[in-house]
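Please load the model in your viewer and hide any solvent or annotation layers. The tour that follows concerns enclosed cavities and the residues around them.

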Amino acid sequence: MAEEVIILKDLKLVPDKYYSYTQTLRNSKTPIVIDNGSFTCKAGWATSNAPNLIFKNILARPRKERGKKVNKDGETLIGNDIANIEAVRFQLKSQFDRNVITQFNVQEQIFDYTFSHLGIDTNGSINHPIIISEPVANPNYSRLLMSELLFECYHVPGICYGIDGLFSYHYNGFKEKTGLIVNCGHHTTHIIPVIKGTPDLINSRRIDVGGYHITYYLHKLLQLKYPAHYNAITPSRAEELLYEHGFLAVHYTDVLKQWSDAEYYDRNVKRIQLPYSMAVILTPDQQRDKRREMAKKLVEMNARKRDEKLAEDEEQVHQLLMIREMIEDGEPIEEVREVLKSHGLKNEKDLKKLITDLQTRIERAKSKIAAASHNASHVEEHVIEEPKLRLFKNKIQLPKEESISKAWLKDIYKKRQDIIDKKAVRKQRRQDMAKRGTAASLERMRLISQLARKDKRDDDFGSRDEDWDVYKVINKEGGDTDSEEEQDKISELEDILRFYDPTFVISNTSEEQNPKEAHQLHFGIERMRCTEILFQPSIIGCGQGGISDTIEFILKKYPAQTANDLAENVFLTGGPTKLPDFKERVFRELREMRPLETNINVQLSDSPILDAWFGAKEFANKQNFHEYLLTPEMYAEMGGDYFIENSCSNMYCPLPEAVQEPEGLSELHTEM
């Protein structure tokens, strides 16, 4: 196994800065480019060299506390303002249902965050056209609500819609070419054929598996493998492990067999260190100091309680003596009765009894205080008293104090370890007996079958002493069990070591691990097992075909020449496609499904995460960009679902017109 231990980064999100709204931007109609992905949102000006804002498309809305009108920590956090996502994991909200926007109240807050961080401070309107991405076959109703939000809430001058995968395809130089786009997103994967620069959306297909499902599956795999670290293995850490150390297996079944080899496993497994805190082990001197400190605190605490109780009793006696003086001075009987009643007394007899009891208690308390102060000087002597050596059967010859040597202590350590090792061997044998296929269980079954042979004439098993040894071998408990004598021996040896070696700490090296090693994850076969769901969704119970199956299904819909042209230009984009060997895996799958000598070319996007934004920015900087803008006038005239098609957009399919119900039928319904 590689000695390198990988430390988790646990990177904290850095809040986005607020950009200045320059006079140049204020006076121009510079488009705002928004790649509105279900995982991250990339937003910025069309004149910027890179997205101004890149943040996770989520918000955290703290819960309201009961009994309080306003929660002091009730501010809604968005994107990179959420410093620790795991702390608010169950309060996170997203505007997406898979890859379709359904929660537009959340989307409105995301827009507020975006526009405010871009520095836009105009009152009541955003005076810049918006180009925004949407998924393939986005429902008209979702687009209607998006247009309604941007036009009626932000009063934008125009909107242009486009598909992120097509933006990325055009940005990488395939505008007029035939090709096949594999756009792997956070919740879904889209495969879009493009014929001579025009997307064939009719034959496009969606797979409901993406980066989210890979991370979720890996998270559950690691939690099942390491139940002791269930809470330490978080979705954020699973995501980090996926993109830092995950990969696609080019030949999944072949690599799966390689992982069963111990040497291959040791060479390729990743050791991940989880955060942990070391247990503080005190030296004998520190333990004595701690005991002394605790004893002193207890003495002081008891003394303080006695003083407080004594002061209360003295004050109460003083008040009762004043009442007795009132009686002796002949004060009115009614006043005396009221005073006695206020102290819970019925008559003068109860008063005298209570005074006597309190005076006795005060004298007893003062004597205790005096005795405690006299014995306080002896507390430390009792605290630091050394523990006496307690031997069980005195079988070990103890040398005199002057002659205690390291060799003798080493021998004691060895005797103790030998007994612990014997117990460990027996424990392992019992575990092997419970498993099928181990040498111990096979030997047991061989002996049982030998004893059960039918050609035996006389069944005299058990009449000889040797039969007991056979019984112990075939016993499912593995023969010998731990004896009380061994445990007593270990306890005796540990007492000796504790007495003569102050640094001795009880620990069974065969059973206990170093805390650092105990908090390590062996990230092995999971590295490729989780990513395989993109090609085999059935692993997580999804009934759809994987990427290779869907590609083959789409290619069969075209003539042979067109299918060859598509296979010659397969374009990969989206976050998960940056996993190692993704490109090689797609190439192998295509080579297996396509005819011999077919030319196959698979190309990975230059920047799988950002190319969609750069493609949208390039489209927004076209001279005829204004021709593809949906204006408020068009929105009011054509309806909310209307938009202007472009080379990177969906097809416009208008909503069907509402059917007018015949008058006679409506009256019949009313009567019924």
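Which element gives the most to the lining of the largest cavity? Helix H22 does, with three residues. The model is a predicted one, and it holds two cavities of 30 Å³ or more.

**First stop: the largest cavity**

Select Phe167, His170, Lys175, Gly615, Glu618, Phe619, Lys622 and Cys648, which line the largest cavity. The space inside amounts to about 50 Å³. Next, display helix H4 (164-171) and helix H22 (611-620) as ribbons; each supplies at least two residues of this lining. Colouring the selection by residue class gives three nonpolar, two polar and three charged residues.

**Second stop: the second largest cavity**

Now move to the second largest cavity, whose volume is about 40 Å³. For its lining, select Ile34, Asp35, Ile131, Ile132, Ser133, Asp164, Phe167, Ala612 and Ala616. Add strand E2 (32-36) and strand E10 (130-134) to the ribbons on display; these strands, together with H4 and H22, each supply at least two lining residues. Which element gives the most here? It is E10, with three residues. By class, this lining divides into six nonpolar, one polar and two charged residues.

**Third stop: what the two linings share**

Finally, centre the view on Phe167, which belongs to the lining of the largest cavity and also to that of the second largest. Keep H4 and H22 visible as well: both helices supply at least two residues to the lining of the largest cavity, and both do so for the second largest.

Definitions and conventions:
Residues numbered from 1 in each chain as written. Predicted model: local features only at pLDDT ≥ 70, side-chain atom pairs only at ≥ 80, totals over all residues. Heavy atoms only, no water. 1 Å grid on protein atoms, 1.4 Å probe; cavity = no way out; pocket = protein on both sides within 12 Å on 5 of 7 lines; lining within 4 Å. Points joined across faces, edges and corners; volume = space filled by probe spheres on them. Helix = DSSP H or I, 4+ residues; strand = E, 2+ residues; numbered from the N terminus. Nonpolar A, V, L, I, M, F, W, Y, C, P; charged D, E, K, R; others polar.
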